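Let's take a walk through a protein together. Keep the picture open while you read, and look for each part as it comes up.

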Amino acid sequence: MAENKYKGFSTRAIHAGEQTDTRAGSTGDVVVPIHLSTTFIWDEPGRAHSEFEYIRSSNPTRNAYEQKLAALEDANYAVAFSSGLAAENALMQVLLRPGDHVVAFDDLYGGTRRLLEEVFQGIDVSYVDLSDSSEFDKAVKENTKLLWIESPTNPMIKVGDIAALARSAHEKGMLVVVDNTFLSPYFQRPLALGADVVVHSSTKYIGGHSDVLGGALVTSDEVLHEKIRAIQNNAGAVLSPFDSYLNIRGLKTLAVRMERHQQNALRIAQFLAGHQKVAKVLYPGLPDNPYHEVVKRQASGFGGMLSFELHGTLEDAKSFISRLRLFTLAESLGGVESLIELPSLMTHVGVDPEVRRSIGISDTLLRVSVGLEDADDLIEDLKYTLDN
Ligand SMILES: *Cc1c(COP(=O)(O)O)cnc(C)c1O
């Protein structure tokens, strides 16, 4: 991967993993083609023609995507799965056995919670507020194998000090996983902060256009990588060639998109923070946000996700949403279009109401994935809807 030598993120995003095909007789594609062939020719029994034999084991388009993603996370390896949860499932199969204990953020992605509780039975999980590192120390047990960090979380947009948590976890012999979906490798590189494995739902910012489902595991640990690769092949939840292509395409513009997501998010957060109908705004890019300093230390940006709470009732929140014109009412995030959702009735409706309240998810808390529209238009829509 000679392209890794380039320091600049965008240069790597565009060139890493791309191999312009100049062999005799080749077409000279500049863009990695979508290789759909499920099987590959052998020169004679026992001698394959190339490194490729069968699509599940290895595919040229998926390989190119994996190399590009690894280069962007400053990692040796990336393995692409058919969804974020398929990637998480593979990782848990590699790392966890019945009787193991896991410490995870209390504000964890709901699908990750379901995997740990319903799919991997016999795993003991403690959900703690990892924005307070001392809470982590208190939760650790004899059999704690894994620390699962998501930073920032959603919908409460809480942040953990990844380096401090990783140091403490490693002292106790645990492995550290960071779900880096929200900031993407453009703003945050958890392996450099001490994480052992990075998880991605590429369905979000990496794909970037709300049109492709995918996930990935990224690590520089060769032994761990081999185990992940074996599960990918043996269990088969691989990313398809077409989806690999879309993710390659997404990564090429990740830097410019993330910058614009962030600019828009900051403008919206500032506007909301100054509006009398808004009770609070959760966005670490605001200087008075409790996580502003830690994000500045461990990441190069604050991302495009924010939450805010309206004064009033659930009915007020629903009415507000129904009158917005530019913000689409939908789950998911990270696409070019701005999305809004009401966690208490949507993404987090499955979370026990008591747990929901203890985390801080109120009936009027709204989560926004700020898109790439003109910030002035987004703010005008919010202002008109709040004022009328
Ligand atoms: C969406 C998401 C996932 C799950 O990914 P899928 O691609 O939907 O399977 C995991 N973690 C976070 C933080 C997510 O936002």
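Before we go looking for empty space, here's one term to have in hand: a cavity is a set of grid points where a 1.4 Å probe fits but cannot get out. Keep in mind, too, that what you see is a predicted model.

With that term ready, how many cavities of 30 Å³ or more does a search of the whole structure find? The search turns up 1. About 40 Å³ of space lies in the largest cavity. Its lining is made of Asp106, Asp107, Leu108, Gly110, Arg113, His348, Val351 and Ile359. Sort those residues by class and you get 3 nonpolar, 2 polar and 3 charged.

Now let's turn to the sheet. It's an open one, built from 7 strands in the order 3-9-8-7-6-4-5, with mixed pairing. At the edges you'll find strand 3 (77–81) and strand 5 (124–128), each of which pairs on one side only. Going from one strand to the next, the twist averages 20°.

Zoom in on one pair of neighbours. Strand 4 (residues 101–105) and strand 6 (residues 144–150) run parallel, and 4 bridges join them. If you'd like a spot to click on, try Val102, which stands opposite Leu146 in strand 6.

Next, look at what packs on the sheet. Helix 2 (residues 60–72) does, touching strand 3, strand 8 (197–201) and strand 9 (215–219). Helix 8 (residues 222–235) packs on the sheet as well, and it touches strand 3, strand 8 and strand 9. Their directions are worth checking: helix 2 makes about 130° with strand 3, while helix 8 makes about 20° with strand 3.

Those two helices show up again when we get to the pockets. The largest pocket holds about 750 Å³ of space, and helix 2, strand 3 and helix 8 each supply at least two residues of its lining. Which element gives the largest share of that lining? That's helix 2, with 8 residues. In total 31 residues line this pocket, and Gln19, His35, Glu51, Phe52 and Pro60 lie nearest its centre. By class, the lining has 11 nonpolar, 13 polar and 7 charged residues.

One more stop: the second largest pocket, with a volume of about 410 Å³. It is lined by 18 residues, and the closest to its centre are Tyr109, Gly110, Gly111, Arg114 and Thr347. Helix 4 (residues 110–119) gives the most to this lining, with 6 residues. Here the classes come out as 3 nonpolar, 7 polar and 8 charged. You've met Gly110 before, by the way: Gly110 also lines the largest cavity.

Conventions: Residues are numbered from 1 along each chain as its sequence is written. This is a predicted model: local features need pLDDT of at least 70, side-chain atom pairs count only at pLDDT 80 or more; totals for chains, interfaces and linings use all residues. Side-chain values use heavy atoms; hydrogens and water are left out. Two strands pair if DSSP finds at least two bridges between them. Axes are lines fitted to C-alpha atoms, for helices over the stretch in contact, and angles run from 0 to 180 degrees between N-to-C directions. Contact means heavy atoms within 4.5 Å. On a 1 Å grid over the protein atoms alone, a cavity is a set of points where a 1.4 Å probe fits but cannot get out, and a pocket is an open set with protein on both sides within 12 Å along at least five of seven lines; lining residues have an atom within 4 Å of a point. Grid points are joined across faces, edges and corners, and a volume is the space filled by probe spheres set on the points. Ala, Val, Leu, Ile, Met, Phe, Trp, Tyr, Cys and Pro count as nonpolar, Asp, Glu, Lys and Arg as charged, and the others, Gly among them, as polar.
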